[in-house]
Every structure is written in C-alpha cells, then in structure tokens.
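Thanks, everyone. I'll take a few minutes on one structure, so please have it open in front of you.

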Amino acid sequence: MAGLPLPDELAARAREIIAGRLAPVPARDAATVVILRGSGPRGGPEVYLLRRKSTMAFAAGAYVFPGGSVDPRDTDQAVAWAGPSPKEWGEVFHASENVARGLVCAAVRETFEESGVLLAGPGPDNVVEDTTGDDWEADRLALIDRSLAFADFLAKRGLVLRSDLLKPWAHWITPEIEQRRFDTRFFVAVLPEGQRTRDVGGEADHVVWRRPAEAIELWRAGEIFLMPPTSHTLTELAGHDSVASVLAEERRITAILPAAVEVEGEMRLMTP
C-alpha cells in the first residue's frame with residue numbers, strides 16, 4: 001500500500017482538517033542547503049548531515065541538511081550581494097523578489113550557523129578561505145542569538161553574499177496536518193576550497209559526511225531517521241557519480257506538498 005500510515009493523533013487531526021473543522025497552521029518560509037564535496041577514490045559526492053537533538057520540538061533525532069526559517073532581517077536590502085539577483089531567484093522559485101531575497105540570505109546564514117561554511121567572499125570572484133578562529137565563532141554565535149544581523153556581519157568583514165554558489169534543487173512544503181510547518185526551498189552548494197565543516201553544536205548533537213547511497217542504506221536498515229524530503233533528496237543525489245554531475249543537472253522547481261488521504265479506513269500520508 002502506498003504512503004505512510006499516520007499515528008492516531010495525526011490521523012485524527014487530518015480528519016478534522018479535511019472536514020474543515022480545523023484550519024492548517026501557516027507554513028513559514030525556510031531554506032535548506034545540501035553541502036557537497038568530492039569523496040576521492042571512493043567515488044561520488046558526499047553530503048554533510050546533522051543529527052538533530054532528541055529534545056528538539058521539530059524532527060527530533062532526524063538527520064538533516066543545514067537550514068532554518070527566514071529571519072525578517074534576511075530580506076534587508078543592505079545585504080551585500082553578488083551573483084543572480086533576488087528577482088532572478090524569485091523566478092526560479094515562483095516567489096516574490098522580497099521572499100526570494102530572504103530565502104537566499106537564510107540559506108547562506110543558516111549554513112554558516114550550522115556548519116561553519118560561509119558562501120561569501122571579498123568580491124564576486126572569490127570566497128572566504130577560512131572561517132575558523134575565535135572571532136569567527138563569536139560572530140557565528142551572535143548570528144544564532146540574533147544579536148548580529150547578517151547584513152551587518154557581512155559589512156563588518158567587507159564580504160558579499162555569493163548567490164552564484166547556490167544551485168536551486170527543490171521546494172517542499174510541510175503537510176497541512178502538522179502543527180509546525182515550513183515552506184522550504186532546497187539548495188545545493190559545493191564546500192568552498194580551503195573551508196571545512198565542523199561540529200558546531202546548537203540544535204545538533206552529531207555531524208557526519210556521507211555518500212547519499214550510504215545514508216539511504218542506513219535509513220532503510222532503520223539505523224538512522226530521515227524525513228521524506230531528506231530521503232527523497234538523498235535518493236536523487238545517489239544517482240550522480242560526481243559533484244559536477246549534480247551541478248549540471250537541470251532542475252524544474254515545483255512545490256511538493258504531501259497530503260493525508262484515507263485509504264480503506266486508514267489515514268496515510270501520500271507524497272506526489
């Protein structure tokens with residue numbers, strides 16, 4: 001039988017929403033970035049995954065890509081920018097220019113906050129080579145606690161956001177039956193030369209580089225937990241034998257919204 005069976009509580013909520021007795025929670029704009037690197041003689045790309053702490057209210061214990069909600073200040077036009085414009089990104093993601101600006105800024109900001117990787121440089125043709133050190137860590141923590149705006153962070157360091165280092169990949173919307181919902185655009189990006197990821201703590205208790213096929217095998221064996229957008233993305237990436245192949249793939253971005261459907265008396269979550 002297709003789809004995932006819903007636990008009783010979610011099934012009951014789904015029936016209330018379908019009947020019109022309960023309104024879905026609005027979905028918040030969010031961005032997720034799949035960081036890629038070559039895996040050397042083993043072949044194929046590797047992806048950076050974080051395991052969310054078991055105490056988290058959303059996706060506890062799941063292995064995820066770096067990402068998070070758009071902060072209102074992510075739409076600040078003061079953010080120094082190089083690469084495709086917010087208007088161009090809006091056309092790709094079928095979003096307004098303002099929303100697109102926020103999505104790209106959130107993608108770069110959250111990636112730095114959750115992995116230490118910064119997709120920015122002194123100009124449009126170069127990128128920061130090293131983000132380690134106490135001063136970088138202080139800025140990262142200030143971004144996390146929102147005492148430092150992303151635009152001010154870039155300005156202080158004389159950097160510009162490199163939107164050309166991001167590739168659009170997908171658009172997933174959390175099912176209407178969930179109480180915490182996100183309207184998430186997925187990006188892929190290559191780990192910049194000279195930079196390295198690190199275990200930065202916060203919402204995650206473990207980080208790892210994995211080949212997509214290996215992560216899928218572990219998930220199918222029940223050894224790790226993946227949410228549908230993550231497993232779907234990893235399955236797509238497993239079909240590529242190099243980072244270059246991933247970057248060369250042409251993507252048509254359409255929103256994917258899994259929905260609850262009743263099948264022979266059982267509520268199941270179906271993914272288009």
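The second largest pocket holds about 170 Å³ of space. Keep in mind throughout that this is a predicted model.

Which residues line that pocket? From the start of the chain there are G3 and L4. Then come W172 and W219, followed by L226, M227, P228, S231 and H232, and finally L269 and T271. Helix 7, residues 228-237, gives the most to this lining, with three residues. By class, the lining of the second largest pocket has seven nonpolar residues and four polar ones. Charged residues are absent from it.

Next, the enclosed space. How many cavities of 30 Å³ or more does a search of the whole structure find? The search finds one. The largest cavity has a volume of about 40 Å³. Its lining is made up of D71, R73, D74, R109, L143, R146, L148, A149 and F150. Here the classes come out as five charged and four nonpolar residues, with no polar ones.

Two of those lining residues, L143 and R146, take us to helix 4. Helix 4 runs over residues 134-144, and its buried residues are W136, D139, R140, A142 and L143. Why are they on the same side of helix 4? They cover an arc of only 165° around the axis, so they share one side of the helix. What covers these buried residues includes helix 3, residues 97-115, and helix 5, residues 150-157. L143, then, is buried in helix 4 and also lines the largest cavity. R146 follows helix 4 and has a positive phi, near 65°. R146 is in the cavity lining as well.

Last, a sheet. Three strands form an open sheet in the order 6-8-7, and the pairing is mixed. Strand 6, residues 81-82, and strand 7, residues 120-121, are at the edges; each has a single partner strand, so one side of each has no neighbour in the sheet. As a reminder, strands of a sheet pair through backbone hydrogen bonds, either parallel or antiparallel. In which sense do strand 6 and strand 8 pair, parallel or antiparallel? Strand 8 covers residues 160-162, and its pairing with strand 6 is parallel, over two bridges. If you want to find the place on screen, look for A82, which stands opposite R162 in strand 8.

That's the tour. I'll take questions now.

Terms used. Residues numbered from 1 in each chain as written. Predicted model: local features only at pLDDT ≥ 70, side-chain atom pairs only at ≥ 80, totals over all residues. Heavy atoms only, no water. Pairing = 2+ DSSP bridges. Helix = DSSP H or I, 4+ residues; strand = E, 2+ residues; numbered from the N terminus. 1 Å grid on protein atoms, 1.4 Å probe; cavity = no way out; pocket = protein on both sides within 12 Å on 5 of 7 lines; lining within 4 Å. Points joined across faces, edges and corners; volume = space filled by probe spheres on them. Nonpolar A, V, L, I, M, F, W, Y, C, P; charged D, E, K, R; others polar. Buried < 20%, exposed > 50% of the residue type's maximum accessible area, 1.4 Å probe, protein only. Arc of directions from axis to C-beta. Contact = heavy atoms within 4.5 Å.
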